[in-house]
Amino acid sequence: MAEVWSTLDGILLLLNKGYSWTITQTDSLEVVQALTDMGMEESRITVLRRTQGIMKSKGQLRILHIPREQNLVADRLAKFSLNWKSTLQIFDEAPKEILDLLQKDKVNGTFM
């Protein structure tokens, strides 16, 4: 459930910043399955229903599974967070280290 809550928080932050088209990647296959299973709309789990409802009604909000070993950007951000003074960090631009990692992946023909 923590993964679903963090996905919902992320979606709400993006919507608040004016984004209506996003692709969220997570290494939690269970979260992807739960949020993309339209049969779960009748679920008693409120956070699932709420997240699905927002994803369905607020534009192009997609969630995709990415294997943990390929989720290098999230891994790097998680390591950076150990040095942050607050529990929430919002970037208007990606940190240089993340841009370097993305550029490296682009050169290697992968995107993570």
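Q: In what order do helices and strands follow one another along this chain?
A: In this predicted model, the order along the sequence is α-β-α-α-β-α-α. The inventory behind that pattern is five helices and two strands.

Q: How many residues does the chain have, and what percentage of them count as buried?
A: The chain has 112 residues, and 26% of them count as buried. Burial here is a matter of relative accessible area, with under 20% as the cut-off.

Q: What share of the contacts with a separation of 6 or more comes from residues 24 or more positions apart?
A: Such pairs account for 67% of the contacts in that set. Individual residues then show which elements are brought together in this way.

Q: Where does Thr-7 lie, and is the residue buried or exposed?
A: Thr-7 belongs to helix 1. Its relative accessible area is 8%, so Thr-7 is classed as buried. Beyond the neighbours within four places in sequence, Thr-7 is in contact with Val-31, Leu-35 and Ile-63.

Q: Which backbone atom does the side chain of Thr-7 reach?
A: The partner is the backbone oxygen of Glu-3, at 2.8 Å from the side chain of Thr-7.

Q: Which element holds Thr-51, and which residues does Thr-51 touch?
A: Thr-51 is placed in helix 3, which covers residues 46-57. With residues up to four places away in sequence set aside, Thr-51 touches Val-4, Leu-8, Ile-11 and Leu-35. Leu-35 is also among the contacts of Thr-7.

Q: Why is Thr-51 classed as buried?
A: Thr-51 is classed as buried because its relative accessible area is 0%, and the class requires a value under 20%.

Q: How far apart are Ala-34 and Val-4 in sequence and in space?
A: Ala-34 and Val-4 are separated by 30 residues in sequence, and their C-alpha atoms lie 9.0 Å apart. Ala-34 itself sits in helix 2, residues 29-36. With a relative accessible area of 15%, Ala-34 is buried.

Q: What can be read from Thr-22, and in which element is it found?
A: Thr-22 is part of strand 1. Its relative accessible area of 8% makes Thr-22 a buried residue. Once neighbours within four places in sequence are left aside, Thr-22 is in contact with Leu-14, Gln-60, Leu-61 and Arg-62. A further long-range pairing is with Ile-63: the two C-alpha atoms are 8.3 Å apart, although 41 residues separate them along the chain.

Q: Is Glu-97 buried or partly exposed?
A: Glu-97 counts as partly exposed, because its relative accessibility is 41%. The residue is located in helix 5. Outside its neighbours within four places in sequence, Glu-97 is in contact with Arg-76 and Phe-80. Its C-alpha atom is 9.4 Å from that of Val-73, across 24 residues of sequence.

Q: How is empty space in a model found, and how much lies in the largest pocket?
A: Rolling a probe the size of a water molecule over the atoms shows where empty space is left. In this structure, the largest pocket contains about 1,800 Å³ of space. Its lining is made up of 37 residues, and those closest to the centre are Gly-10, Leu-14, Thr-24, Val-73 and Leu-77.

Q: Which helices and strands each supply at least two residues of the lining of the largest pocket?
A: They are helix 1 (2-16), strand 1 (21-26), helix 4 (72-81) and helix 5 (96-107). Helix 1 gives the largest share of the lining, with nine residues.

Q: Which domains does the lining of the largest pocket draw on?
A: Domain 1 (1-65) and domain 2 (68-108) each provide at least three residues of the lining.

Q: How is the lining of the largest pocket divided by residue class?
A: The lining has 21 nonpolar residues, 10 polar residues and six charged residues.

Conventions
Residues are numbered from 1 along each chain as its sequence is written. This is a predicted model: local features need pLDDT of at least 70, side-chain atom pairs count only at pLDDT 80 or more; totals for chains, interfaces and linings use all residues. Side-chain values use heavy atoms; hydrogens and water are left out. On a 1 Å grid over the protein atoms alone, a cavity is a set of points where a 1.4 Å probe fits but cannot get out, and a pocket is an open set with protein on both sides within 12 Å along at least five of seven lines; lining residues have an atom within 4 Å of a point. Grid points are joined across faces, edges and corners, and a volume is the space filled by probe spheres set on the points. Helices (H or I, at least four residues) and strands (E, at least two) are DSSP runs, numbered from the N terminus. Ala, Val, Leu, Ile, Met, Phe, Trp, Tyr, Cys and Pro count as nonpolar, Asp, Glu, Lys and Arg as charged, and the others, Gly among them, as polar. Domain bounds come from an automatic or database domain assignment. Buried means under 20% relative accessible area, exposed over 50%, partly exposed in between (1.4 Å probe, protein chains only). A polar contact is a pair of N or O atoms within 3.5 Å; within protein, one must be able to donate a hydrogen and the other to accept it, and residues adjacent in sequence count only if both atoms are side-chain atoms. Contact means heavy atoms within 4.5 Å.
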